[in-house]
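This report introduces a protein model to a reader who has not met it before. Please keep the sequence and the structure in view while reading.

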Amino acid sequence: MSDVKKLYIKTYGCQMNVYDSERMAEVLGGSGYVETQTPEDADMILLNTCHIREKAAEKVYSELGRFKPLKAAKPDLKIGVAGCVAQAEGEEIMLRQPMVDLVVGPQSYHRLPAMEAKARAGEKALDTDFPEEDKFEKLKNRPKAQRGPTAFLTVQEGCDKFCAFCVVPYTRGAEVSRPVDRILDEARDLVERGVREITLLGQNVNAYHGAGPDGDWSLAKLIWALDKVDGLERIRFTTSHPNDMGDDLIAAHGECAKLMPYLHLPVQSGSNKILKRMNRSHTAESYLKLIERIRAARPDILMSGDFIVGFPEETEEDFQDTMELIRQVNYGQAFSFKYSTRPGTPAAERPQVDEDEASDRLTRLQALITQQQRAIQDGMVGREVQVLFEKPGRLDGQMVGKSEYLHAVHVADAPVARGDLARVRIVESGPNSLAGVLI
Ligand code: SAH
Ligand code: SF4
Ligand code: F3S
């Protein structure tokens with residue numbers, strides 16, 4: 001075998017997994033791996049998994065099954081499972097799928113090189129610890145390669161909120177914020193490599209409280225420091241919790257020009273009874289009040305949310321409260337899910353809502369969201385937006401990018417390059433994107 005080995009990573013779940021997959025590829029670069037887009041070429045396959053809903057975990061096992069013939073044809077092929085399913089199921093994965101060589105939880109990725117060596121030596125490698133050391137520092141192994149115009153940057157990990165339905169506090173562990181100087185270094189490095197827009201990530205990103213030169217910094221303070229990074233044009237952050245939306249962060253939405261007018265602020269339900277049972281520690285009213293304050297700071301902000309329907313003991317009346325909240329907020333984007341029972345979480349033990357009823361609620365909720373989303377999109381026609389161009393479109397000469405509001409915008413025959421920012425007038429609204437012309 002040659003010295004260069006090929007690594008195929010498949011990523012499921014949230015943006016934090018996307019970021020982690022990049023870091024894993026970099027750290028395994030030190031063990032002689034380069035990335036490939038085809039599993040058939042690979043010397044190592046890594047699945048970076050998500051455990052948030054039942055189907056997410058099942059997908060992993062069916063995907064592993066599909067790799068069986070590859071392993072049979074190439075006995076040297078190593079197969080690893082990373083991410084939240086790895087954390088939750090641990091050794092169980094190797095028992096259920098004996099061809100898995102390596103299982104690594106999200107807090108142990110910096111140990112991958114040693115684990116890979118162990119797997120190469122024919123042993124099983126398992127690590128689902130929550131180590132003390134700063135994983136992100138140890139993951140640094142950055143080639144000075146050019147990057148696309150947008151990048152993720154994890155600033156906070158884990159969650160202490162324990163919503164009654166959610167596995168994240170168990171799979172990612174307790175809330176940890178990275179120190180300010182490391183984040184700023186990483187941001188400057190990304191900008192040097194061509195990045196123009198950074199999305200700050202965390203399971204509870206607005207609870208960020210990393211060590212700064214003068215005590216702990218809030219997310220708003222971090223955003224203001226990033227605002228001063230030359231060459232960085234846009235800042236976003238996700239995912240936020242309504243209870244951690246500090247005054248300084250709300251104010252930044254009105255005052256920081258680089259902070260984009262888009263906010264993903266999951267509420268889950270509009271029924272106070274259900275919110276209480278979810279252990280969300282906010283009410284429908286406090287959420288609506290909060291949005292009022294955010295809109296006072298930045299009137300054109302596009303709101304995004306997450307919803308769960310069919311949470312244990314949710315009645316039609318509770319569901320109608322959610323529909324009413326949606327009508328009041330008017331969302332430009334939203335993600336909605338049927339409640340999925342997660343073993344080990346408090347809600348798993350409670351009386352479940354009928355499956356068909358939950359499906360019906362989801363259909364009705366999504367119809368309302370789609371209507372709002374389309375109306376907001378259609379309302380963009382005639383308006384001027386700023387687009388960060390990311391890639392060529394499907395048609396010849398076409399370029400595609402994102403507006404401030406995260407709408408996909410395509411422009412025909414555009415004399416712009418990847419990474420350019422330009423003023424665009426929106427001329428048409430389609431189902432998934434807007435069409436515009438350069439101004
Ligand atoms: N940290 C974020 C969200 C993390 S998970 C927050 O607090 O908002 C992303 C979304 O998945 C959640 O907002 C929720 O809507 C959904 N989700 C989480 N657990 C779920 C479950 N057991 N069933 C259905 N949806 C779930
Ligand atoms: Fe899960 Fe709630 Fe934490 Fe979000 S805040 S990650 S939904 S426990
Ligand atoms: Fe999924 Fe883990 Fe993210 S459960 S949503 S990959 S934090």
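How many strands make up the closed barrel, and in what order do they run? The model, which is predicted, contains a closed barrel of five strands in the order β17-β18-β19-β21-β20, and the pairing is mixed. From one strand to the next, the twist averages 50 degrees.

**The barrel and V424**

Within this barrel, β20 and β21 are joined by five bridges in the antiparallel sense. One of the residue pairs concerned is E428 with A435, the latter being the bridge partner in β21. In general, strands of a sheet pair through backbone hydrogen bonds, which may be parallel or antiparallel in arrangement.

Strand β20 also contains V424. Is V424 buried or exposed? V424 has a relative accessible area of 0%, and it therefore counts as buried. Leaving aside residues up to four places away in sequence, V424 touches R383, E384, V385, V387, F389, V409, V411, G436, V437, L438 and I439. A separation along the chain can also be set beside one in space: V424 and G401 are 23 residues apart in sequence, and their C-alpha atoms are separated by 11 Å.

**Strand β3 and its neighbours**

A second region to examine is strand β3, which covers residues 44-49. Six of its six residues are buried, so β3 is largely enclosed by the rest of the structure. The covering applies to both faces: M44, L46 and N48 are buried on one side, while I45, L47 and T49 are buried on the other.

Strand β3 has parallel partners in β1 (residues 5-11), to which five bridges join it, and in β4 (residues 78-82), again over five bridges. L47 takes part in both pairings: K10 stands opposite L47, and V81 is the bridge partner of L47 in β4.

**Two helices**

The following table sets out the dimensions of two helices.

| Helix | Residues | Length | Span, first to last C-alpha | Expected span |
|---|---|---|---|---|
| α1 | 15-29 | 15 residues | 21 Å | 21 Å |
| α15 | 355-378 | 24 residues | 34 Å | 34 Å |

The span of α1 is close to the value expected at 1.5 Å a residue, and the span of α15 is likewise close to its expected value.

Helix α1 is mostly covered, with 11 of its 15 residues buried. The buried residues are M16, N17, Y19, D20, S21, R23, M24, A25, E26, V27 and L28.

In helix α15, the buried residues are A358, R361, L362, L365, L368, I369, Q372 and Q377. An α-helix has 3.6 residues a turn, so residues three or four places apart point the same way. Among the elements that cover the buried residues of α15 are the strands β15 (302-309), β16 (333-338), β20 (421-429) and β21 (434-438), together with helix α14 (316-329). The N-terminal end of α15 is capped by D354, which places a side-chain oxygen 3.3 Å from the backbone nitrogen of D356.

**Cysteines**

How many disulfides does the structure hold? The number is zero. A disulfide is a covalent bond between the sulfur atoms of two cysteines. Two of the cysteines may be considered by their accessibility, with under 20% as the limit for a buried residue. C84 counts as buried because its relative accessibility is 9%. C163, with a relative accessible area of 10%, is buried for the corresponding reason.

Conventions:
Residues numbered from 1 in each chain as written. Chains lettered and ligands numbered in written order. Predicted model: local features only at pLDDT ≥ 70, side-chain atom pairs only at ≥ 80, totals over all residues. Heavy atoms only, no water. Helix = DSSP H or I, 4+ residues; strand = E, 2+ residues; numbered from the N terminus. Expected span 1.5 Å × (residues − 1). Buried < 20%, exposed > 50% of the residue type's maximum accessible area, 1.4 Å probe, protein only. Contact = heavy atoms within 4.5 Å. Polar contact = N/O pair within 3.5 Å; in protein donor to acceptor, adjacent residues only side chain to side chain. Pairing = 2+ DSSP bridges. Axes fitted to C-alpha atoms, helices over the stretch in contact; angles between N-to-C directions. Disulfide = S-S within 2.5 Å.
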